[in-house]
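Hi,

Here's the structure I promised to pass on. Have a look at it first, then read my notes underneath.

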Amino acid sequence: MAFSGIGKCVRMLCKASMSSISEEKDQMGGVSAVEDELGLVNQFKMSDFEVSDYVSVGLGGRGDELVFEAIVKDSSSPLYDKKVVLRELTSVQAQRRGKRAIEVFKKLARRRLLYHSYSLQVHGYISSPTVGGAQFTLVHGYHGSFSLRHWLQQSDWLPTLEATLALDEESVRRVGDDSIGGPAVTRQLRLIRMLMRDLLIGVNYLHSHGLAHTELKLENVHVSPLDGRIKVGILGNAADFLESSSNDDNFDSRRRQMMIAFDMRCLGFIMAKMVLRELMDPSIFAKFKSFLTKGNDPSSLREFMLPILCKKSPSGNIGLQILDRNWGAGWNLLASLLAQKPLERISCLNALRHPFLCGPRWRVEPSMNMIRWGLGSTAVRITEEYIYGQPQRRRLSHFIELMEMLNPHPKPRNWLDLLPGKWRLLYSTGRHIGLTFRQPSLRVLIGDVNLSVTKISTAKTTFSFSSEISFNVIDGRDWPHNKTGTPGQLTVTSPFRLRAGRRLYLKENTDPSMSLTSSNTTNSVLKILSGKKWRKAFPVSEIPSSLPVAKLASNDIEISMQLDEPLGSKVESAQRVLQEIRLQVPPEMFDLTKVVCGTYVDSRLLVLRCVSGSALLFTRTCTDV
């Protein structure tokens with residue numbers, strides 16, 4: 001059913017077969033049965049309303065619903081002269097949803113815990129006999145002409161929604177903020193915090209009383225200008241955990257957890273669309289969902305979305321800046337809401353305590369997982385600056401050392417599931433040689449350097465490492481401005497066996513002239529860990545003499561290179577290209593046998609140590625979507 005902002009409401013009748021009509025009689029049980037069951041809500045008559053000749057675009061329903069706006073004209077009603085929504089339910093399934101919404105309202109009302117603050121209020125119903133069945137119309141509250149989807153589709157949605165909510169210093173305190181206004185990023189973050197917290201409080205109310213909404217989406221969410229609260233849609237498909245309980249407690253508990261997890265995933269989609277406006281485009285959102293359904297870990301969402309966001313907003317994406325704030329806390333919450341395994345998704349209460357949804361006035365004690373996430377996010381952000389001066393290199397070394405100290409998976413058996421996948425090289429603490437200050441005979445521009453790890457079926461602890469280096473051979477003097485050239489790819493493959501091992505930390509030499517950079521880095525790390533901020537996370541007075549690592553052993557490598565014409569047929573040119581690649585790429589990515597151990601791994605980041613002592617930092621990248 002289509003609606004326009006102003007215009008006549010077009011009635012679309014749904015035809016029902018004779019079998020459907022008989023089923024409808026059985027389901028409705030007559031008008032008297034409805035009146036007996038729904039004693040806690042009001043029964044209206046059509047004569048109690050003055051129906052408007054237009055319908056707001058944000059009230060659009062399903063194909064088996066007819067939606068009207070109306071004014072209550074019954075002077076004896078407490079709703080007198082108030083605008084309400086009449087939702088005529090024309091099919092058996094639609095009427096079942098309407099009755100279900102009233103039943104849910106009755107349950108909440110009986111417990112004296114009203115859901116009106118965060119839900120569309122159900123006022124009552126209209127039920128009258130018709131030819132072949134009974135007509136059932138749901139009467140519920142009117143909370144503005146737009147759903148949240150329509151708000152976000154407005155070009156000036158941010159100032160308009162701020163004005164609708166009448167934000168002042170008192171209202172923003174409920175999200176831990178102490179000011180209004182500011183840059184667009186700050187204003188949007190503050191508004192998203194308010195909307196998400198209202199949603200989470202409302203959904204948590206349902207979950208705590210044995211109900212799951214199951215239909216959370218932007219079209220079912222409204223913003224009330226009266227109290228400045230989020231209102232979720234009518235609870236026509238709400239699932240009751242208590243009603244359908246069985247004799248098996250484990251089954252009931254798992255069913256409850258699965259339903260709650262489904263709601264949390266829906267909240268994750270809502271949050272993603274609110275922050276990343278690009279996802280309002282159906283084609284981009286389809287790619288977003290495809291990324292998740294193909295089994296990619298949500299913790300890699302930033303790696304997946306970065307090219308899309310930078311392409312749409314090359315000068316800087318507001319959504320990206322919001323999620324990157326506070327050590328990437330937004331990406332962490334989004335990954336927790338959309339976790340692959342339903343039982344691993346964050347709960348409403350824990351989400352309300354998450355640092356992303358808490359303003360600067362609320363001091364949140366970060367968990368160890370949040371600390372690790374923040375370290376990794378900061379390291380990734382530094383690598384994206386692409387200005388590797390001495391201060392940046394020192395900071396990156398510090399962060400990598402800290403990550404290794406706080407490695408959540410020190411035992412090799414934890415690596416068996418986390419290590420396989422495709423990893424993109426972000427940074428090497430070894431040498432960095434580019435094109436800027438050199439005049440090579442052939443200029444080779446290195447693209448992505450990936451490490452693909454796959455299990456070898458013949459042995460549980462044996463993996464195949466494949467280093468894939470894409471490059472472009474640029475010909476001509478105008479290479480700083482014209483990067484087109486001959487594409488190619490170098491592949492290095494080597495089998496590795498995973499075993500338990502330890503990384504030894506040598507005592508620092510007392511002779512300053514003999515001190516090494518690694519020992520200086522270790523000393524700086526110890527100084528950081530001994531501070532008040534880190535003492536709780538790492539309660540030791542000195543760095544241990546050794547830490548457990550995943551030892552990697554390999555003996556041979558296989559190298560192949562593909563180079564397009566015209567350079568592909570020239571052996572001498574291919575040799576020079578290979579020499580230039582070896583010069584620019586970390587030697588460990590060319591000779592994988594120099595990789596000796598893994599010191600950090602989680603669902604998002606990987607750190608490998610090499611014979612020389614240098615570290616390779618990788619981020620998990622997604623499979624093709």
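**What turned up inside**

A search through the whole structure, which is a predicted model, comes up with two cavities of 30 Å³ or more. Rolling a probe the size of a water molecule over the atoms is what shows where empty space is left.

How much space lies in the largest cavity? The answer is about 180 Å³. Its lining is made up of 19 residues, and the ones nearest the centre are S299, R302, E303, V380 and R604. If you want to find the helices and strands involved, the elements giving two or more residues to that lining are α10 (301-312), α11 (318-337) and α13 (368-385). Which of them gives the most? That's α13, with five residues.

The lining of the largest cavity is also a mix in chemical terms: seven residues are nonpolar, five are polar and seven are charged.

**One residue to click on**

Next, try I559, which sits in strand β16 (residues 558-563). Is I559 buried or exposed? Somewhere in between: its relative accessible area is 41%, so I559 counts as partly exposed, since buried means under 20% and exposed means over 50%.

Leaving out residues up to four places away in sequence, I559 touches L490, T491, V492 and F590. For a feel of how the chain folds back, pick I559 and D591: 32 residues separate them in sequence, while their C-alpha atoms are 9.2 Å apart in space.

Have fun exploring, and shout if anything is unclear!

Conventions: Residues numbered from 1 in each chain as written. Predicted model: local features only at pLDDT ≥ 70, side-chain atom pairs only at ≥ 80, totals over all residues. Heavy atoms only, no water. 1 Å grid on protein atoms, 1.4 Å probe; cavity = no way out; pocket = protein on both sides within 12 Å on 5 of 7 lines; lining within 4 Å. Points joined across faces, edges and corners; volume = space filled by probe spheres on them. Helix = DSSP H or I, 4+ residues; strand = E, 2+ residues; numbered from the N terminus. Nonpolar A, V, L, I, M, F, W, Y, C, P; charged D, E, K, R; others polar. Buried < 20%, exposed > 50% of the residue type's maximum accessible area, 1.4 Å probe, protein only. Contact = heavy atoms within 4.5 Å.
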